[in-house]
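Biologist: I am new to this structure and would like a close look at a single part of it, the aromatic rings and how they sit against each other. Please go through them carefully, one after another.

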Amino acid sequence: MEEYWDGSYDASRHSDESCHEKLHVEPIYESFLCPLTKQIMRDPVTIENGHTYERGAIMKWFRECRDSGRRPVCPLTLQELTSTDLNPSIALRHTIEEWTQRNDAAQLDNACRSLSPGSSESDILQALDYIIRICHKSRLNKHAVRNADLIPMISDMLKSTSIKVRCKSLQTLCVVAEDDDENKEVIAAGDIVRTIVKFLSHDHSQERKEAVSLLFELSKSESLCEKIGGVNGAVLILVGLASSKSENVLTVEKAEKTLENLEKDEKNVRLMAENSRLRPLLTRLLEGPPETQLSMAAYLGELVLSNDVKVFVAQTAGSALVDVMKSGSKQAVEAALKALNQISSHEASAKILIEAGILPPLVKDLFIVGTNQLPMKLKEVSATVLANIVASGASFESIPLDSGHKTLISEDVVHNLLHLISNTGPAIECKLLQVLVGLTSSSTSVLNIVSAIKSSGATISLIQFIETPQRDIRMASIKLLHNISPYMGQELSDALQGTAGQLGSLIRVIAENNGITEEQAAAIGLLAELPERDSGLTRRLLAEDAFSMMISKILKIRHGDIRGNRFVTPFLEGLVRVLSRITYLLESESGIVGFAQEHNLSALFTDLLQTNGIDKVQMASAIALENLSQQSKNLTRIPEFPEPGICASIFPCFSKQTAVVGLCRIHRGHCSIKESFCLLEGKAVEKLIACLDHNNERVVEAALAALCTLLDDGVEIEQGVLVLCEADGIKPILEVLQENRTDVLRKRAVWAVERILRTEDIAYVISGDQNVGTALVEAFRHGDYRTRQIAERALKHVDKLPNFSAIYPKVGG
């Protein structure tokens, strides 16, 4: 009998006769069948007229008669009955039971023969359907299936190549296991559970559905929960199914219920936590007995959690863990600290812990000494958690640590942190340095920390960490020094020069050739914030050959030889700013002039003006070009002309000097970008003018200052004006004057415009521009004394003020 099952196979479609013929069972006697249900009777009873029915069926018939207002009648004869008493047909029931047992035994025997690899698909499916049917009839039949050793045979069908057979086998095992712990144990024997788990990841949805249903049934047995969870990947797959948005709804529900059953075993709870299902673990942590809470907190500290999970844990258990820190035993505090260490490493979860009140007990555990103090290993964890909390970017100045309203940025608290840094091991030193790094990264708290560092005299001890062999400590100290350098630059500069090797160590960090690291960016940023006019520091850097190394780094970045990352911009900024400090010593150090010429610094800074998007690079480059350009008038080679001879006194025509070609229009000599740092020869004028349109006022200030060197005393001012005019620079300078963005820019612009207006043709053109006149008047009215003087002269050039010197002769001729 062939049967192609499509997932809804129904053996009831086959006639009893065909089933009996196929399975060679005894025939059904007419007396076994209830006249009302046409089914074999289980509880036969006899009524008044001697006819026999299934108890439930005849009772229903009598109720219907009564409800319709009729007297009870026999369903077969319709004879009225005087009594509805029911007499059990014990002999018939025993006969039916014996027949059923013989029939079931025969059918089970046939099922055994059908459940073999050589049987056809239809025979196997029919046998499995029969087993499902008889198991639904009676729990005793489930025992019979077990006693007939059918369970291993059904399990073997899971290896079939037919999806229909595999699905029906899973379904059959589920029915066999239902409400029967002994059958569950037999099913789970050997490697069957692993096989069932494999079906969870099969492509066929029906297989997944049947497999998860079977696992759910098996998971009702506590003794099997550990075995199921022990199958590699079982918990992970179930967690995935339970959270799936695309899986069959029933499959999702069964996966969820299976996981709930598996939670009975603590090992499974831990496995679920490893796979981001934290609620069972947190429930035990919050509601379990003390030893379970301790175990769960300790395990939580060992997990690697995603950021979303950290937030969930902080919201769910953060307050409870903080409470443990306040009043728990040392063992409990250790477990809580380790858990807090995990969940505090994300900004959002750290802020939740702050709201839960973590700071007071955390700081107390760090500072407490004596019999109640934490072991150093736990203080290290406390310091790590505090570093995580501070790194969250929260505001700490308003969070009290005790009844005295001290906060994390109070001077005494910072002094204690600095004391601990100097008197503990490397691990705690590093974390506490990171705490100070976090506090100094905030503009609202950095001044408090700087003040405390100064008052404690800790500058030297902090700088000494630059030489430590532990890289993480060194990096934390450099980042801290970088953060405070804008506020105590001179103290740090003096300290670096007054100690043996810290400056050299700092330079070696910058010189490392392993890409660009955060430590390198912080190290060069620290040097960049130190006073640029500190000649002693500049000489020390020159002696260490630091500038040559920095030039090399800059060129490699510009040429793309150093791969860019998120630290390349601050690193380049720092390099350019530190390199520019060498130009402040050009006038006093002849050796530095030679260094600048040798490395063609003027060309380098001119090129760096075009580093769009990095304001500090453009600003530092423009400042350096100003300093270099100021030396051009001293470095240009003025041609020597021979003294006129005797002929010149007799014949005036011989006194005319020979014209020299190739001279700089501004400096009246032989100029070059490399040797005399001439802006004109270096093609820097146009690039500086382009910077006048910058959004950053400080870039504009630096660029304008550099351009002003073309109009300075000691150069050909009129030629400088013409150079600016030819480069279309007059209009941008006038616009800077009119915009009046800062006091510094106004002073610079007024000075430059007065020099430009000395050229009569330009003054004549500009005199008609009322905006320029108004800007000069505003500078005359509101500027400082020097600016007002210059603005007055400028107004006279455009006839906005009378030139009284032309009316009254100078006193004393």
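Modeller: In this predicted model, Tyr29, Phe32 and Trp99 form one aromatic cluster. Within it, Phe32 and Trp99 make an edge-to-face pair, with 5.6 Å from centre to centre and 65° between the planes of the rings. Phe32 belongs to the loop between α1 (16-23) and β1 (44-46), whereas Trp99 belongs to helix α3 (residues 90-114), so this pair ties together parts that lie 67 residues apart in sequence. Both of these residues, Phe32 as well as Trp99, are buried.

Counting by the ring-centre rule, there are three aromatic pairs, and a further one involves Phe547 and Phe595, whose ring centres are 6.4 Å apart. Their planes stand at 65°, and because planes over 60 degrees apart count as edge-to-face, the pair of Phe547 and Phe595 is described as edge-to-face. Here too distant parts of the chain are linked, since Phe547 is in helix α31 (residues 546-559) and Phe595 is in helix α33 (residues 590-598), with the two positions 48 residues apart in sequence. Phe547 has a relative accessibility of 1% and therefore counts as buried, and Phe595, with a relative accessible area of 10%, is buried as well.

One last ring has a charge for a partner: the charged end of Arg788 sits over the ring of Phe780, at 5.4 Å from the centre of that ring.

Notes:
Residues are numbered from 1 along each chain as its sequence is written. This is a predicted model: local features need pLDDT of at least 70, side-chain atom pairs count only at pLDDT 80 or more; totals for chains, interfaces and linings use all residues. Side-chain values use heavy atoms; hydrogens and water are left out. Rings of Phe, Tyr and Trp (its six-membered ring) pair if their centres lie within 6.5 Å; planes under 30 degrees apart count as stacked, over 60 as edge-to-face and the rest as tilted. Helices (H or I, at least four residues) and strands (E, at least two) are DSSP runs, numbered from the N terminus. Buried means under 20% relative accessible area, exposed over 50%, partly exposed in between (1.4 Å probe, protein chains only). A charge sits over a ring if NZ of Lys or CZ of Arg is within 6 Å of the ring centre and within 35 degrees of the ring normal.
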